[in-house]
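Reader: I'd like a close look at one part of this structure, please. Pick a pair of packed elements, tell me how they sit against each other, and then follow the contacts outwards from there.

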Amino acid sequence: MQITSFAKITLLLLSIATMMSNVAIITSLPHFKTIFSDVKDIELYSRLMITLPSLAIAVLSPFLGHYLQRYKRKNSIVLALTLFSLFGSAGLYLNGIESLLVSRLFLGVSIAMLMILTTSLVGDYFQGEARHKYMGLQSAFSSLGGMLFLVGGGFLTDLGWRYPFGIYLIGIIFIPLVLLFLIEPKVEQQNEEETPNLKLTSIYFLG
């Protein structure tokens, strides 16, 4: 499949979002002890702000992958980016620690969707050596993005503990790029009556 340079860049930008589950707000967490000083076990809750997205990704990814393959890639990415921005930026407008934790859980769901969909598009767009080269570039780009958002989050935390949550609004900026430049791959119709591969399922749980 021939894709444009703009499509490749858009896919690389989406890979940044998959690195933002934790790093963007990590510098805000030390402030939680002061902000929510009246909340019992706030130290535990502040740690859960980091671990809940990762937990959602680990638990849901195998099942989301089978579900998302039934739908168009671009539409699913737009939905994932919308959820990413909505729940990721929740710290800008939510006040309760419980509601913040729920938002982080749903953020993990959106990131799991993005990880699955972007990896699927790499498989659709590239073959052989071109795929290997692109995966290496994607990995490097993701690491660079994680570093930039960590530094940016630290700078915004100096202005106010809520501001780093605004970084997640970058998902809204990515939506027009997805609609304009990504190409919807042709997916072969799969047999709905196909028996699930039990060996593969066991590998999921082992992982």
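**The α5 and α6 pair and its surroundings**

Author: Happy to! α5 and α6 are roughly antiparallel to each other, the label for angles over 145 degrees, while under 35 counts as roughly parallel, 65 to 115 as roughly perpendicular and the rest as oblique. Before going further, please keep in mind that this is a predicted model, in which local features need pLDDT of at least 70 and side-chain atom pairs count only at pLDDT 80 or more, while totals for chains, interfaces and linings use all residues. Residues are numbered from 1 along each chain as its sequence is written, and side-chain values use heavy atoms, with hydrogens and water left out.

Two packed helices are described by the angle between their axes and the distance between the axes. For α5 (97–125) and helix α6 (residues 128–159), the angle is about 150 degrees and the axes are 10 Å apart. Axes here are lines fitted to C-alpha atoms, for helices over the stretch in contact, with angles from 0 to 180 degrees between N-to-C directions. The helices themselves are DSSP runs (H or I, at least four residues; strands are E, at least two), numbered from the N terminus.

The crossing of α5 over α6 is right-handed, meaning that the near helix is turned clockwise from the far one by less than a right angle; anticlockwise would be left-handed. On the α5 side, Thr-118, Val-122 and Gly-123 meet Arg-131, Tyr-134, Met-135 and Gln-138 of α6. This contact of α5 with α6 divides into three nonpolar, three polar and one charged residue. In that scheme Ala, Val, Leu, Ile, Met, Phe, Trp, Tyr, Cys and Pro are nonpolar, Asp, Glu, Lys and Arg are charged, and the others, Gly among them, are polar. Contact means heavy atoms within 4.5 Å.

Now for α6 on its own. Its 32 residues reach 47 Å from the first C-alpha to the last, close to the 46 Å expected at 1.5 Å a residue; the expected span is 1.5 Å times one less than the number of residues. The buried residues of α6 are Tyr-134, Gln-138, Ser-142, Gly-145, Gly-146, Phe-149, Gly-153, Gly-154 and Thr-157. Buried means under 20% relative accessible area, exposed over 50%, and partly exposed in between (1.4 Å probe, protein chains only). An α-helix has 3.6 residues a turn, so residues three or four places apart point the same way. The cover over the buried residues of α6 includes α1, α5 and α7.

Tyr-134 is a good residue to follow outwards. This residue of α6 is buried, with a relative accessible area of 5%. Beyond its neighbours within four places in sequence, Tyr-134 is in contact with Lys-8, Leu-11, Leu-12, Val-122 and Phe-126. Lys-8 is 126 residues away along the chain, yet the two C-alpha atoms are separated by 8.9 Å.

That contact leads to α1, where Lys-8 is found. Lys-8 is partly exposed, at 34% relative accessible area. Neighbours within four places in sequence aside, Lys-8 is in contact with Ile-3, Phe-126 and Tyr-134. The buried residues of α1 are Ala-7, Thr-10, Leu-11, Leu-12, Leu-14, Ser-15, Ile-16 and Ala-17, and what covers them includes α4, α5, α6 and α7. With 13 residues, α1 reaches 19 Å between its end C-alpha atoms, close to the expected 18 Å.

α1 also packs on α7: their axes come within 10 Å and cross at roughly 145 degrees, and this crossing is left-handed. Phe-6, Ala-7, Thr-10, Leu-13 and Leu-14 of α1 make the contact with Phe-174, Leu-177, Val-178 and Phe-181 of α7. By class, this contact of α1 with α7 has eight nonpolar, one polar and no charged residues.

Finally, α5 also helps to cover another helix: the cover over the buried residues of α4 includes α1, α3, α5 and α7. Among those buried residues of α4 are Ile-77, Val-78, Leu-81 and Phe-84. The ends of α4 (residues 73–88) agree with a helical rise too, because its 16 residues should span 22 Å and its end C-alpha atoms are 21 Å apart.
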